[in-house]
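User: I should like to learn how to read the sheet and the enclosed spaces of a protein model. Please take the features in turn.

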Amino acid sequence: MVISNGHGEDWIASAIAKHLTDRFLVEAWPVLGGGNAYAGICPIVGPRARLESGGARTAKGSLRRDLTKGGLATIPPALRYMRSIRNRYDRILVVGDAIVPLLAWITGHRDLYYVDCYKTGAARLYSGLERHVIARTCRRVFCRADNLAEILRQVGVEATAPGNLMMDTIPYGDYDAQSRRSQPLAVTLLPGSRGETPANFARQVEALRRMPAEHRPDAFLAVAGEIPVTDLAEASGLQRTNLLSAEGDDLGSLSDGDVTVHLLRGRAMGNVLAVSDIVLSQAGTATTQALGLGKPVIYMTSPKDRQSRFEDEQRLYGEARIAVPGEADAIAKALERLIDSPDERARLGAIGRERIGGAGAIDEVLAALGS
């Protein structure tokens, strides 16, 4: 069983699951959302929660809003299901934050394999409760930093930090991004996978509109999760074209005759990151992956941001993620500065690669699961 609790976590977990299907009968439980990342890889089981925030805790008061809008009702089905699967699987792999180990502790599960995608080691470390829960439920833990693994080893957990699993699991699909290039530079738009996505995309498009046409980069949008393209078109004032190629992950484009944005499924995000020079991102996991590939990221701040979470992330990302107010002029200016300076793009790209770390963790995870 593979359990994931978030959109980015689904993609990481599904990439691991794909490597396991030749040796195991694999089933997946995506705790939040539809679990589209597992399509064609393994069956989906279990109840799935729908939260207004999508599980993100980057906005102020997101937990409170989720709870007041029915979030508490999602807990009993999850607990019942976790009790029902005790002793059903030879291995249970959890990918995400400490919520699932907490549910496992309550329902009597032990010997989990846990990939911690949330803690970075650059900011807040494990709380006393998290150490207690992980020590009592997890057989093996894969952390993103040595200091996190050391904290868990001190309480008797077999924990390692083999590398950044996010860099092993960047999704690649059926989409030829290079053939759509016409300008010297390209930008990938990652407006997120939750409720604010259409508004984020609209601001990104408006920033492109404010740039001189001759200076405007090619633009690609990796459509995440279950975000309807019609919502993106309506928010941005762009019209969808119906000219699709035979490529499985091509979603056409949005255009107003001036600005054109090429669309593709999120499962082919790696294809466009590979040919892009800059990223505009409000995403979580995808931001980390873009930075790890050496792509400078421009991030739009908002009064709704939970400041402590933003600061924690920024300690990890450093200068490689440029934070600007969520206004079209500020975004356009930041984008133009990077377009005008290849040396600055290279400098920030090097910082991102160094801060995030490289691939290689997946081999240790697969070896542990197969032992």
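**Sheet and cavity**

Analyst: The open sheet has 6 strands in the order S2-S1-S3-S4-S5-S6, with parallel pairing. Strands (E, at least two residues) and helices (H or I, at least four) are DSSP runs numbered from the N terminus, and two strands pair if DSSP finds at least two bridges between them. The edge strands, each pairing on one side only, are S2 (28-30) and S6 (159-160). This is a predicted model, in which local features need pLDDT of at least 70 and side-chain atom pairs count only at pLDDT 80 or more, while totals for chains, interfaces and linings use all residues. Residues are numbered from 1 along each chain as its sequence is written, and side-chain values use heavy atoms, with hydrogens and water left out.

User: Which residues are the bridge partners of serine 4 in S2 and in S3?

Analyst: Serine 4 has proline 30 as its bridge partner in S2 and valine 95 in S3. Strand S1 (residues 2-4) is joined in parallel to S2 over 3 bridges and to S3 by 3 bridges. S3 in turn pairs with S4 in the parallel sense over 4 bridges, where valine 94 stands opposite tyrosine 114.

User: How should the two faces of a strand be read?

Analyst: In a regular strand the side chains alternate between the two faces of the sheet. In S3, Leu93 and Val95 lie on one side and Val94 and Gly96 on the other, and all are buried (under 20% relative accessible area with a 1.4 Å probe, protein chains only).

User: How is enclosed space found, and how many cavities of 30 Å³ or more are there?

Analyst: Rolling a probe the size of a water molecule over the atoms shows where empty space is left. On a 1 Å grid over the protein atoms alone, a cavity is a set of points where a 1.4 Å probe fits but cannot get out, and lining residues have an atom within 4 Å of a point. Grid points are joined across faces, edges and corners, and a volume is the space filled by probe spheres set on the points. The count is 1 cavity of 30 Å³ or more, and the largest cavity holds about 70 Å³. Its lining includes Val115, Asp116, Phe142, Arg144 and Ala361. S4 and helix H7 (165-168) are the elements that give two or more residues to this lining.

Methods: 1 Å grid on protein atoms, 1.4 Å probe; cavity = no way out; pocket = protein on both sides within 12 Å on 5 of 7 lines; lining within 4 Å. Buried < 20%, exposed > 50% of the residue type's maximum accessible area, 1.4 Å probe, protein only.
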